[in-house]
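Trainee: I've got the model open and a list of things to ask. Mind if we go through them one at a time?

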Amino acid sequence: MNLPNKLTLLRIILVPFFIIAMLVNFPFHYLVAGCIFGVASVTDTLDGKIARSRNLVTDFGKFADPLADKILVLTALVCFLQVGLLGSFGAIPVIIVLFREFAVSGIRLVAASSGKVVAANIWGKIKTVSQMVGISVIFAMQVVLEVLNAMKVSTGFITEVFYYIGNGLIWISTVFTLISGIIYLKDNISFLKDN
């Protein structure tokens, strides 16, 4: 197994540790979870760059890299829902992301049954970057709140501002999710037509 594929697998292996850090309440757990998410996100950038620069692109990588992205992002979003960071309507972007990911994965499976591998397009990459940036900013804001709370500083107003910023970023990434899903479906609809 080549280095880019090992980095992709590392991203998947980090997910259970991320879940523990998110859902087990201990001092600075958002800092730990954010660091794990950050390391996993860096592997996403590195695996693709290394694979292309060293001509190590494989069918496994074309399949596993977007899958690892989906696992990481969806885990973060579901954990955010669980701990209340996405609010009353937070399930809507999560459902939209799930729907898009299932649809794209379905197209990939149909393509694979025809012996074709469909790699991610630029819109899928934009979607992933916007999701990872939004999630990372939410972590940064939660770490600031953890530090302020440890210093016994009142965080009421700041918490509310951070809540709206975080939700806004998730909704923006959801728009990119919709756009990328529609474009992916349009570009690959031929796999779903009967021959």
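Trainee: Let's begin with Phe28: where is its place?

Mentor: Keep in mind that this is a predicted model. Phe28 has a positive phi of about 60°, although it is not a glycine. Its relative accessible area is 33%, so Phe28 counts as partly exposed. As for its place, Phe28 sits in the loop between H1 and H2.

Trainee: And Lys152, which also caught my eye: is it buried or exposed?

Mentor: Lys152 is another non-glycine with a positive phi, of about 60°. You'll find Lys152 in the loop between H5 and H6. The cut-off for exposed is over 50%, and Lys152 has a relative accessible area of 76%, so the word is exposed.

Trainee: In which loop is Thr155, and is Thr155 buried or exposed?

Mentor: Thr155 is in the loop between helix H5 (122-150) and helix H6 (156-188). Leaving out residues up to four places away in sequence, Thr155 touches Leu145, Leu148 and Asn149. Its relative accessibility is 11%, and the cut-off for buried is under 20%. So Thr155, at that value, counts as buried.

Trainee: On to the aromatics. How are the ring planes of Phe18 and Phe37 arranged?

Mentor: Searching the whole structure turns up five aromatic pairs. For Phe18 and Phe37, the ring centres are 6.0 Å apart and the planes meet at 45°. Planes under 30 degrees apart would be stacked and over 60 edge-to-face, so this pair is tilted.

Trainee: Which helices does that pair tie together?

Mentor: The two residues are 19 residues apart in sequence. Phe18 is buried, with a relative accessible area of 0%, and Phe37 is buried as well, at 0% relative accessibility. Phe18 lies in helix H1 (residues 3-23) and Phe37 in helix H2 (residues 29-53), so the helices tied together are H1 and H2.

Trainee: Which residues form one aromatic cluster with Phe18 and Phe37?

Mentor: Phe18 and Phe37 are among the residues with the most contacts inside the largest nonpolar core. That list also includes Phe80 and Phe139. The one aromatic cluster brings in those two names: Phe80 and Phe139.

Trainee: Which element gives the most to the largest nonpolar core?

Mentor: That core has 29 residues. The elements giving it two or more residues are H1, H2, helix H3 (59-82), helix H4 (91-113), H5 and H6. With seven residues, the one that gives the most is H3.

Trainee: Which residues does Leu77 touch, not counting residues up to four places away in sequence?

Mentor: Leu77 is another of the residues with the most contacts inside the largest core. Once those sequence neighbours are set aside, Leu77 touches Leu86, Val94, Val97, Ile135 and Ile170.

Trainee: How many residues are in the second, separate core?

Mentor: Among its members are Val104, Ala111, Val118 and Tyr184. This core is separate from the one above, and its count is five residues.

Trainee: How far does H3 reach from its first C-alpha to its last?

Mentor: H3 has 24 residues, and at 1.5 Å a residue the expected span is 34 Å. After H3 comes Gly84, with a positive phi near 85°. The reach of H3 is close to what's expected, at 35 Å.

Trainee: Which side chain does a polar contact of 3.0 Å join to Glu101?

Mentor: Glu101 lies in helix H4 and counts as buried, at 4% relative accessibility. Beyond residues up to four places away in sequence, Glu101 touches Lys70, Leu74 and Lys127. The polar contact of 3.0 Å goes to the side chain of Lys70.

Trainee: Last one, on the record: how far apart are the end C-alpha atoms of residues 12-40?

Mentor: The unreviewed UniProt entry places "transmembrane region" at several spans, including 12-40 and 129-149. In the model, residues 129-149 are 100% helix, with end C-alpha atoms 30 Å apart. Residues 12-40 are 83% helix and 0% strand, and their end C-alpha atoms lie apart by 8 Å.

Note on methods
Residues numbered from 1 in each chain as written. Predicted model: local features only at pLDDT ≥ 70, side-chain atom pairs only at ≥ 80, totals over all residues. Heavy atoms only, no water. Helix = DSSP H or I, 4+ residues; strand = E, 2+ residues; numbered from the N terminus. Buried < 20%, exposed > 50% of the residue type's maximum accessible area, 1.4 Å probe, protein only. Contact = heavy atoms within 4.5 Å. UniProt positions renumbered as here; feature names shortened; annotations may be inferred. Phe/Tyr/Trp six-rings, centres within 6.5 Å; stacked < 30°, edge-to-face > 60°. Core = buried A, V, L, I, M, F, W, Y, C linked by side-chain atoms within 4.5 Å. Expected span 1.5 Å × (residues − 1). Polar contact = N/O pair within 3.5 Å; in protein donor to acceptor, adjacent residues only side chain to side chain.
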